[in-house]
Amino acid sequence: MLANKRILLIISGGIAAFKALDLIRRLKERGAIVTPVLTRGAEEFVTPLSVSALAGSKVFRDLFDLTDEAEMGHIELSRSADLIVVAPATADLMAKMAQGLAGDLATTLLLATDTPVLVAPAMNVRMWNHAATQRNLATLQSDGIAIIGPNEGDMACGEYGPGRMSEPLEIVAAIEAHFADGPLQGKHVLITSGPTHEPIDPVRYIANRSSGAQGTALATACRDMGARVTFVTGPASVAPPEGVEVVAVETAQQMLEAVQSAIPADAAIFAAAVADWRVEGASEQKMKKTKGGFPTLSFAENPDILATVSQGSDRPALVVGFAAETETVVEHATAKRLRKGCDWIVANDVSPATGIMGGSENDVTLITEEGAENWPRMGKDAVAEKLAARIAAALEA
Ligand code: CTP
């Protein structure tokens, strides 16, 4: 999909610059032509020689380089690319971009270009959360610049939180989505999938039989139709598809947080089998057998992710829920659509006799405002393709 696509990769000065080397490798593997630009700061973290060797290209570093200007002027450099990727983008570079400064080669290229730009921020969590950075982010987004990440996690500086640059394969997925051709091109689709695990103690948990097959098939179908897909998955037995942004979680509470940080989205599909309850006060130590008694577990209600998003302020234009029922499927699912406040419900009968949960086929009824529409029994891949096509049509309308 990236064969012969020309990518101008701007690497700025942060510890995440080392990940840009892997990004170059992944892009080259997929046939992209990568032209690297290093800021002064970036050279403190990666050497021009290693960048040039991996990219198989000259590295551009200096605004006032006569040789470079003679070979290819900086205006031409910025315009001959199909996409400009800034990875990592430091807080400083984002601020300069938001202000339209052009004091070095990287910022000049970014100001002189009419090529689409994708930015992968990377910085300390406090810098990311700072009002100034959030202001700059909003400015860049309203200027039409696409942003990927940052991810939440342990940071090189020893702190924890949002600020880690997206992984190279996630950035590749966003780049592929940018070039993908299809009815969901340019749309961001958020999908939850798989079961959740609710801990009882450090070694035991409550789970369910969801394999994640239907959610994975949906992510694949939406990706193939050109969407940028954020795939929030519990511990599923089916591997997540390539080319989507995967956020792995365990519990319902973690799933809600991951979903909220992935919004805004154009459409959200809630295919996960979320545990309705969690064990209240899960034990920090492994629970031991005691003579003369069984442990008593008390439960707390988990957040309803579908209802929270459906009724939230940043609601995606189309919200699709699933309803796993074992009796009076249409009645229950119709009531569920209204109760949760979503647009559509994909209802299915998960009674053991149907073989649907954990199986490869699905027998669904789509519940919309107009009523119930029974689909013939078909493979989960086919259900996914049909649903993705319906979603594309609804977003077009
Ligand atoms: N769901 C969710 N968060 C929860 C529970 C469910 O987001 N805590 C979503 C599921 O992903 C699915 C839909 O809600 O899209 C319906 O899930 P289901 O388990 O069928 O419904 P429940 O809310 O559990 O309702 P009931 O107990 O009445 O079956």
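Okay, let's start inside the protein. Ile148, Glu170, Ala173, Ala174, Ala177, Ala227, Arg228, Val229, Gly243, Val244 and Glu245 form the lining of the largest cavity. Quick reminder before I go on: what you see above is a predicted model.

So what volume does the largest cavity have? About 60 Å³. The structure holds two cavities of 30 Å³ or more, and I'll stick with the largest here. If you sort its lining by class, you get seven nonpolar residues, one polar and three charged.

Which element gives the largest share of that lining? That's helix 9, residues 168-179, with four residues. Strand 11 (228-233) also supplies at least two.

Now, where does this cavity sit? To answer that, we need the domains. The protein is divided into domain 1, residues 1-179, and domain 2, residues 182-397. Both of them give residues to the lining of the largest cavity, so the cavity lies between them.

While we're on the domains, have a look at how they meet. Ten residues of domain 1 are in contact with nine residues of domain 2. Their C-alpha centres are 34 Å apart.

Next up, the pockets. The largest pocket holds about 1,400 Å³ of space. A total of 47 residues line it, and Gly149, Arg228, Glu245, Ser261 and Ala262 are the ones nearest its centre. Arg228 and Glu245 may ring a bell: they're also in the lining of the largest cavity.

Which domains does the lining of the largest pocket draw on? Domain 1 (1-179) and domain 2 (182-397) each provide at least three residues. As for class, there are 24 nonpolar residues in that lining, along with 13 polar and ten charged.

On to the second largest pocket, with about 1,100 Å³ of space. Here the lining is made of 40 residues, and Ala272, Ala273, Val274, Asp276 and Ala324 lie nearest the centre. To find the walls on your screen, look for the elements that give two or more residues each: helix 10 (213-224), strand 15 (299-301), helix 12 (305-310), strand 16 (318-325) and helix 13 (329-340). Split by class, the lining has 20 nonpolar, twelve polar and eight charged residues.

Last part: a sheet. Five strands make an open sheet, in the order 2-1-3-4-5, and they pair in parallel. Why is one side of strand 2 (33-38) and of strand 5 (146-147) left without a neighbour in the sheet? Each stands at an edge and has a single partner strand, so there is nothing from the sheet on the other side.

Let's zoom in on one pair. Strand 1, residues 6-11, pairs with strand 3, residues 83-89, in the parallel sense, over four bridges. If you'd like one bridge to click on, take Ile10, whose partner in strand 3 is Val86.

There are helices on this sheet too. Helix 2, residues 48-55, packs on it and touches strand 1 and strand 2, and its direction makes about 170° with that of strand 2. Then there's helix 5, residues 91-99, which lies across strand 1, strand 3 and strand 4 (117-121). Helix 5 runs at about 145° to strand 4.

To wrap up, keep the cavity we began with in mind: the largest one lies between domain 1 and domain 2, because both give residues to its lining. Okay, that's me done. Over to you for questions!

How values were computed: Residues numbered from 1 in each chain as written. Predicted model: local features only at pLDDT ≥ 70, side-chain atom pairs only at ≥ 80, totals over all residues. Heavy atoms only, no water. 1 Å grid on protein atoms, 1.4 Å probe; cavity = no way out; pocket = protein on both sides within 12 Å on 5 of 7 lines; lining within 4 Å. Points joined across faces, edges and corners; volume = space filled by probe spheres on them. Nonpolar A, V, L, I, M, F, W, Y, C, P; charged D, E, K, R; others polar. Domains from an automatic or database assignment. Pairing = 2+ DSSP bridges. Contact = heavy atoms within 4.5 Å. Axes fitted to C-alpha atoms, helices over the stretch in contact; angles between N-to-C directions.
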